[in-house]
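Visitor: Hello! Could you walk me through this structure and tell me how each label is earned?
Guide: Gladly, let us look at it together.

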Amino acid sequence: MNKISIIGAGMTGATTAHWLAEREIADLVLVDVLEGMPQGKALDLLEAMPIIGRDVRISGANDYTETKDSDIIIITAGLPRKPGMSRDDLLSANAEIVGTAATETLKHSPDAIYIVLTNPLDTMAYLTMKKTGLPRERVIGQAGILDSARMRAFVAMETGVSVENIDCYVLGGHGDEMVPLTRLSNIAGVSLKEYLPADKLDAIVIRTRKGGGEIVNLLKSGSAFYAPSAACAQMAEAILKDKHLIVPCAAYMDGEYGLEDMFFGVTVMLGRAGMEKIIEYKLDEDEKAMFDKSAAAVKETHEALKNLVKF
Ligand SMILES: NC(=O)c1ccc[n+]([C@@H]2O[C@H](COP(=O)([O-])OP(=O)(O)OC[C@H]3O[C@@H](n4cnc5c(N)ncnc54)[C@H](O)[C@@H]3O)[C@@H](O)[C@H]2O)c1
């Protein structure tokens, strides 16, 4: 059985474990700083396995020893947003938490592939790669699957078409400047630009960009967790099953789209080697302008990180 350790057993971490246990693809370890909490959640989830008929070992811990020999480490530890906060407001608190989680887990699982969820996402993925010194194939940020799923859900709500027929591509940084690519997003092969009137499509783009904030405002404490954790589980499954699945994720840029030394949301292929390939689109002028604006925002947060942390 493969092994996945989830660092941070809060809303997203525990729900990721839930989605993963249903898939029966790996034994699971939940790690959190809160005493008893990861152990309690792990035991509760383990006790659900006979009911749903899955043979998965699930345990909880307050240190990293139990994460030994993990195939995948998922980092969800850190503070979530409160109403009125941007993802970037979390930088200094979460940099410390994520930096430690990354270096400590690597000691026990030198071959692991990292999936990072903690915000500000692109910058936390960058920090994980710098702190661990791993090649870019082995550090991937989760953002694009979620942002694209939100857009797919809104398109389905507007059109009544099955979500299965709707493909959306939301790339760029995981922030207010994210880039929903309406020309390439489609319903059964028909571009959304042709399928939907401009005003409806614009409203969907705006709602997608603010999708995380919409949920933060409704919940009042904490942020979204069902959809983000479903996205993490999909990534982990694609890696363990070597699916070569093409999905939007945050990846380290090494010249793609003219970007260097930063994490950014692009379409990638996920398989047993991790982030196996970046699929680069030919952007039109408007799309390129949106990419540049989003990249500038991500770079600014990366620079703020470099002032906080020495690699
Ligand atoms: N990338 C995305 O799409 C996305 C989506 C949702 C949430 N997030 C981010 O994920 C993070 C977690 O969100 P959440 O809703 O699960 O928050 P949460 O508060 O429910 O859980 C976070 C957990 O991390 C734990 N933690 C803190 N320091 C730790 C440490 N040093 N080691 C281990 N665990 C530690 C806390 O005790 C808590 O249980 C936040 O930064 C949030 O913004 C990202």
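Visitor: What makes the ligand and the side chain of His-174 a polar contact?
Guide: A polar contact is a pair of N or O atoms within 3.5 Å (within protein, one must be able to donate a hydrogen and the other to accept it, and residues adjacent in sequence count only if both atoms are side-chain atoms). Here an N or O atom in the His-174 side chain is 3.3 Å from a ligand oxygen, so the pair qualifies. Please keep in mind that this is a predicted model, where local features need pLDDT of at least 70, side-chain atom pairs count only at pLDDT 80 or more, and totals for chains, interfaces and linings use all residues. Residues are numbered from 1 along each chain as its sequence is written, and side-chain values use heavy atoms, leaving out hydrogens and water.

Visitor: Which ligand atom does a polar backbone atom of Leu-117 lie 2.9 Å from?
Guide: A nitrogen atom of the ligand. Thr-12 also takes part: a polar atom of its side chain is 2.6 Å from a ligand oxygen.

Visitor: Which residues come nearest to the ligand?
Guide: Met-11, Thr-12, Asp-32, Leu-79 and Leu-117, out of 26 around it. A residue counts as near if one of its heavy atoms lies within 4 Å of the molecule.

Visitor: What are the classes of the residues in that shell?
Guide: There are 14 nonpolar, 11 polar and one charged. Ala, Val, Leu, Ile, Met, Phe, Trp, Tyr, Cys and Pro count as nonpolar, Asp, Glu, Lys and Arg as charged, and the others, Gly among them, as polar.

Visitor: Where does the ligand sit?
Guide: In the largest pocket. To sit there, more than half of a molecule's atoms must lie within 2 Å of the pocket's grid points. A pocket is an open set of points on a 1 Å grid over the protein atoms alone, where a 1.4 Å probe fits, with protein on both sides within 12 Å along at least five of seven lines; lining residues have an atom within 4 Å of a point.

Visitor: How many residues line the largest pocket?
Guide: The lining has 38 residues, and Thr-12, Thr-76, Ala-77, Gly-78 and Pro-80 lie nearest the centre. By class, 18 are nonpolar, 15 polar and five charged.

Visitor: What is the make-up of the second largest pocket's lining?
Guide: That lining has 16 nonpolar, two polar and three charged residues.
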